[in-house]
Amino acid sequence: MSSPAKVLDPAFQGVGQKPGTEIWRIENFQPVPLPKSDYGKFYMGDSYIVLQTTTSKGGSYLYDIHFWIGKDTTQDEAGTAAIKTIELDAVLGGRAVQHRELQGHESDKFLSYFKPCIIPLEGGIATGFKKPEEEEFEKRLYVCRGKRVVRLKQVPFARSSLNHDDVFILDTQNKIYQFNGANSNIQERAKALEVIQFLKEKYHDGTCDVAIVDDGKLDTESDSGEFWVLFGGFAPIGKKVHNEDDLIPETYPAKLYSITDGEVKIVEGELSKGLLENNKCYLLDCGAEVFVWVGRVTQVEDRKAASQAAEDFVGSQQRPKATRITRVIQGYETNSFKANFDSWPAGSTAPGGEEGRGKVAGT
């Protein structure tokens, strides 16, 4: 493998030395450390790299690297984030589990690092955005989903965005409203209140009013009346509309492919650990999740090519956006990867396996 010095980006100097989260934003195709005060804010026009360092039972460090791709980010920036993720892994000794995170389809593991949630924001570095606190305050409507980890998604400020099944948050200059759909559950309502408290502290200096509006209960003299006036008056709301973002990928029996010079070729035969050669990269297609397995003596350039091949593979198959791409290194495979192989000895996880990772909400 090429020496770490050749792939060491100055932004990655001294990383992963203590448990916790470290974040970089891709700016002009370079990773730039994000100030801690901006952790949890993700601009839709940008790509980010997030390193999570945890300690194993034996005391060694375990690494998860996530690259987050905003829905409006350019393909070049997203590609830079993927490549820099591999360089960061090389700096850490080439043993991190790597995860691709698409905006709106983030893993529970990724979301669990940010309490109570991440806030997706319009704009990005290339568009010369202003910070939200510098802008004229804009009403924002969010749908708030999730019982353990919260998924907050901005939706158009319109009555047609509301439905009976979800909890919504309307953030206005002087008041934050929580709209509880009649069919929404109590855990999601409780989580939405945590998010409101967070928005209140972050964008309103802790001073704005908070109001709860229940679906189907109209009192014109109260917060409920005020809420509906903002939408042009009270009127019935429609049923939840499902779109492409709600498609759930299918899981099916795993197929193994070898990756050579960026070319993906099927590997015939029963899936066994013995098929995986330590000087090659492989792609394991499970439908809902696609794994890239990296042999421990492969070069950094081969690892980059393999990650790109996985992106191209998922794109060419027109898989749902929620399809996961996870990269594992030989000797640090996750249980969900190993479960696809008949001959993998039980309990043979290396220190970087999931047994040592502790339980993360929702994983």
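## Exercises on a predicted model

**Exercise 1.** Check the length of helix α6 (residues 300-316) in this predicted model against the span expected at 1.5 Å a residue.

*Solution.* Start with the count: α6 has 17 residues. The expected span is 1.5 Å times one less than the number of residues. That gives 24 Å for α6. Now take the end C-alpha atoms: they are 24 Å apart, so the two values agree.

**Exercise 2.** Find the buried residues of α6, then look at the backbone just after the helix.

*Solution.* Apply the cut-off: buried means under 20% relative accessible area. In α6, this picks out Val300, Arg303, Lys304, Ala306, Ser307, Ala309, Ala310, Phe313 and Val314. Recall the helix geometry: with 3.6 residues a turn, residues three or four places apart point the same way. Then step past the helix end. Gln318 has a positive phi of about 50°.

**Exercise 3.** Is Ser107 buried or exposed, and what does Ser107 contact?

*Solution.* First place the residue: Ser107 sits in the loop between β6 (97-102) and α3 (108-111). Its relative accessibility is 12%, so Ser107 counts as buried. Next, the side chain: a polar atom of Ser107 lies 3.2 Å from the backbone nitrogen of Phe110. Finally, set aside neighbours within four places in sequence. Ser107 then contacts His66, Glu101, Arg151 and Arg324.

**Exercise 4.** Which residues form a nonpolar surface patch with Leu193?

*Solution.* Locate Leu193 in helix α4 (residues 186-203). Patch members need over 30% relative accessible area. Leu193 has 42%, so this residue is partly exposed. Its patch partners are Val210 and Ile212. Together, the three residues have about 220 Å² of accessible area.

Methods
Residues are numbered from 1 along each chain as its sequence is written. This is a predicted model: local features need pLDDT of at least 70, side-chain atom pairs count only at pLDDT 80 or more; totals for chains, interfaces and linings use all residues. Side-chain values use heavy atoms; hydrogens and water are left out. Patches are made of residues with over 30% relative accessible area and no salt bridge: like charges are joined within 9 Å, nonpolar side chains (Val, Leu, Ile, Met, Phe, Trp, Tyr) within 5 Å. Accessible areas come from the Shrake-Rupley method with a 1.4 Å probe; for residues, only the protein chains shown count as cover. A salt bridge is a side-chain nitrogen of Lys or Arg within 4 Å of a carboxyl oxygen of Asp or Glu. Helices (H or I, at least four residues) and strands (E, at least two) are DSSP runs, numbered from the N terminus. Buried means under 20% relative accessible area, exposed over 50%, partly exposed in between (1.4 Å probe, protein chains only). A polar contact is a pair of N or O atoms within 3.5 Å; within protein, one must be able to donate a hydrogen and the other to accept it, and residues adjacent in sequence count only if both atoms are side-chain atoms. Contact means heavy atoms within 4.5 Å.
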